[in-house]
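These are my notebook entries on the model below. I record what I looked up, entry by entry.

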Amino acid sequence: MKSLLVFYDSSIKSKGRDSYLKGIRKHIDNVMVVDLKDTNTLLHYNRDYILILKPMEEEKYRSVCLWLRRCYPDKDIESITNEGLTITAQALWQTIFEREYENIESKTAVIINQSPTLGIPLAKHLIDWGVNVININSKYKDLDNLLAFTDIDILVSASGNYDFEIDRHLTRMINTKIDLSNDLEDPVKITHIPTIQVLKERLEK
């Protein structure tokens, strides 16, 4: 397995990121984790791959991505600099396809996340497979009507917003519900996807 360098910013709190980091430390060998708040410069670390975790201040995130694109594009395990399918998006896609493979091109999906590491690449990939996709964020004001009056097959919610909740009566008829931010009151949902497994597979290539 190849070596991995992980950048994150502990000054921004995130239960989802911390859980991901815990999984990486537990299951990935030869990993170095660097807290960006403890360094003012992006030094060259002798690692095979680099992973940048959000949440992170947007200007800092763009700066790190720009450095990665310019200096070490071959080390970008997330594929954010070449607009490929990111690790989380691939794990979501595998989970969705396992459940909705039959007539996937006729399905309708709602994704509540517009980040470059989750919502945007997942939406593009689903569209490539012929899925009807509605991609919004947690600030969308007409969400209740959207869920109540649209025939939805797949719901992916990863708002990252502690105050965001969706009432269970709005999601009870949706076949595949994936909740990565504890957004759904519905107890029948998927809360774990094979993100670490996808990361391991990329490190083993």
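Entry 1, glutamate 185. I looked up the exposure of glutamate 185 in this predicted model. Its relative accessibility is 39%, so glutamate 185 counts as partly exposed, because partly exposed covers the range between under 20% (buried) and over 50% (exposed). I located glutamate 185 in the loop between strand S7 (176-179) and helix H6 (195-203). I then asked which residues gather with Glu185 in a patch of negative charge. They are Asp142, Asp144, Asp163, Glu165 and Asp167, and the patch lies on the surface.

Entry 2, strand S7. Are the faces of S7 covered or open? I found both covered: Thr176 and Ile178 are buried on one side, and Lys177 and Asp179 are buried on the other. I next looked up the pairing of S7 and noted strand S6 (residues 154-157) as a partner, in the parallel sense, over four bridges. Within this pairing I noted that serine 157 stands opposite aspartate 179 of S7. Aspartate 179 is thus recorded twice here, as a buried residue and as the residue facing serine 157.

Entry 3, backbone geometry. I kept the general expectation in mind: most residues other than glycine have a negative phi, and most peptide bonds are trans. Where does a cis peptide bond occur? I found one joining lysine 54 and proline 55, with omega at about 10°. Proline 55 belongs to the loop between strand S3 (49-52) and helix H2 (58-71).

I also looked up positive phi values. Asparagine 30, a residue other than glycine, has a phi near 55°. I placed asparagine 30 in the loop between helix H1 (15-27) and strand S2 (31-35). With a relative accessibility of 45%, asparagine 30 counts as partly exposed.

Asparagine 103 likewise shows a positive phi, near 55°. Its loop runs between helix H3 (87-100) and strand S4 (108-112). I noted a relative accessibility of 45% for asparagine 103, which therefore counts as partly exposed.

Entry 4, nonpolar surface. Which residues make a nonpolar surface patch of about 320 Å²? I recorded Phe97, Tyr101 and Trp129. Phenylalanine 97 sits in helix H3, and its relative accessible area of 30% makes it partly exposed.

Notes
Residues numbered from 1 in each chain as written. Predicted model: local features only at pLDDT ≥ 70, side-chain atom pairs only at ≥ 80, totals over all residues. Heavy atoms only, no water. Patch = residues over 30% accessible without salt bridge, like charges linked within 9 Å, V, L, I, M, F, W, Y side chains within 5 Å. Areas by Shrake-Rupley, 256 points an atom, 1.4 Å probe, with all protein chains shown as cover. Salt bridge = Lys/Arg side-chain N within 4 Å of Asp/Glu carboxyl O. Lys, Arg positive; Asp, Glu negative; His and termini not counted. Charge placed at Lys NZ, Arg CZ, Asp CG, Glu CD. Buried < 20%, exposed > 50% of the residue type's maximum accessible area, 1.4 Å probe, protein only. Pairing = 2+ DSSP bridges.
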